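Work through the exercises below with the structure open beside the text, and try each task before reading its solution.

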Amino acid sequence: MERSVVLVKPDGVQRGLIGEVIHRFERKGLKLVGMKMISLDDAILDEWYAHHKDKSFFPSLKSYMKSFPVIAMLWEGKDSVATIRKLIGITKSREAEPGTIRGDFAMSQQYNLIHASEDLTVAKKEEALIFKEDEIFPWEKTDTSHIYLDEELKS
Ligand code: CMP
């Protein structure tokens, strides 16, 4: 099963949307296997946003992400990386599809509430940056057989 890292960004924490995010992912059938509140520092952010380091918005992005703590979560599920990207909507929130988290709750390109791993390689890198091994919980979700067909669990 894939695991994807999700951050409720400082604006999402300030706006009281942590529960909303968790609620949506839980109802979808994803499994929460790790969660904590953390303050991001320069070392993590430089690594996290290395692909944006030459963009004009990089300094502003970093100071925003350091402004308040974030909630970091690790969600597990079949094809969870792509599934979660669909659930959150596109970066520019005011153009995000209604029904997505950004489409329903945000207006900004920067203050877009939530981060989700872009692909599986990035997800693994982000998981290693944020979570220690003993912060990940491989618990058994007993309704799994009502969420997936047996064949889907095998492939
Ligand atoms: P995300 O796509 O999760 O990761 C990169 C973040 O940079 C993005 O969310 C926004 O928060 C921010 N971002 C992207 N584009 C811009 C922009 N043009 N101006 C300001 N912030 C941006």
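A residue is called buried when its relative accessible area is under 20%, exposed when it is over 50%, and partly exposed in between. The model used throughout is a predicted one.

**Exercise 1. Find which residues of α7 are buried, and work out how they are placed around the helix axis.**

Solution. Begin with the cut-off of under 20% relative accessible area, which in α7 picks out A123, E126, E127 and I130 as the buried residues. Next, consider their directions from the axis: these four residues cover an arc of only 105 degrees, and therefore they lie on the same side of α7. Then turn to the other side of the helix, where T121, K124 and A128 are exposed. Finally, ask what the buried residues touch: they pack against β1, β2 (31-38), α3, β3, α5 and β4.

**Exercise 2. Describe the buried residues of helix α5 and list the elements against which they pack.**

Solution. Helix α5 spans residues 80-88, and its buried residues are S80, V81, I84 and I88. Because they cover an arc of only 100 degrees around the axis, they are on the same side of α5. The packing partners of these residues are β1 (2-8), α2 (18-28), β3 (70-77), α6 (101-105), β4 (114-116) and α7 (120-130). As a last step, look just past the end of the helix, where α5 is followed by G89, a residue with a positive phi, near 90 degrees.

**Exercise 3. Determine the phi values of D79 and L113, and say whether each residue is buried, partly exposed or exposed.**

Solution. The background to this task is that most residues other than glycine have a negative phi. D79, in the loop between β3 and α5, has a positive phi, near 50 degrees, although D79 is a residue other than glycine. For L113, which has its place in the loop between α6 and β4, phi is likewise positive, near 70 degrees. To settle the accessibility, compare each value with the cut-offs: D79 has 43% relative accessibility and therefore counts as partly exposed, while L113 has 3% and therefore counts as buried.

**Exercise 4. Examine the salt bridge between D46 and K62, and then consider other salt bridges of the structure.**

Solution. In the salt bridge of D46 with K62, the closest N and O atoms are 2.7 Å apart. The pair links distant parts of the chain, since D46 belongs to helix α3 (residues 42-48) and K62 to helix α4 (residues 58-67), with their positions 16 residues apart in the numbering. As for accessibility, D46 is partly exposed at 36%, whereas K62, with a relative accessible area of 14%, is buried.

Moving on to other pairs, the side chains of E95 and K92 meet in a salt bridge with an N to O distance of 3.3 Å; here E95, at 49% relative accessibility, is partly exposed, and K92, at 26%, is partly exposed. A further salt bridge joins the side chains of D54 and K53 at 3.8 Å, N to O, and both of these residues are exposed. A network of salt bridges links R3, K31, E76 and E127, and E127 has already appeared among the buried residues of α7. To complete the picture, a search of the whole structure finds 13 salt bridges.

**Exercise 5. Describe the largest pocket, giving its volume, its lining and the surroundings of H52.**

Solution. The largest pocket holds about 470 Å³ of space. It is lined by 24 residues, of which K9, Y49, H52, T91 and N112 are the closest to its centre. The elements that give two or more residues to this lining are α4, α5, β4 and α7, and the largest share, three residues, comes from β4. Sorted by character, the lining residues divide into 10 nonpolar, nine polar and five charged.

Now take H52 on its own: H52 is found in the loop between α3 and α4, and with a relative accessible area of 19% H52 is buried, because the cut-off is under 20%. Leaving out residues up to four places away in sequence, H52 touches F57, F58 and L61.

Note on methods
Residues numbered from 1 in each chain as written. Predicted model: local features only at pLDDT ≥ 70, side-chain atom pairs only at ≥ 80, totals over all residues. Heavy atoms only, no water. Buried < 20%, exposed > 50% of the residue type's maximum accessible area, 1.4 Å probe, protein only. Arc of directions from axis to C-beta. Contact = heavy atoms within 4.5 Å. Salt bridge = Lys/Arg side-chain N within 4 Å of Asp/Glu carboxyl O. 1 Å grid on protein atoms, 1.4 Å probe; cavity = no way out; pocket = protein on both sides within 12 Å on 5 of 7 lines; lining within 4 Å. Points joined across faces, edges and corners; volume = space filled by probe spheres on them. Nonpolar A, V, L, I, M, F, W, Y, C, P; charged D, E, K, R; others polar.
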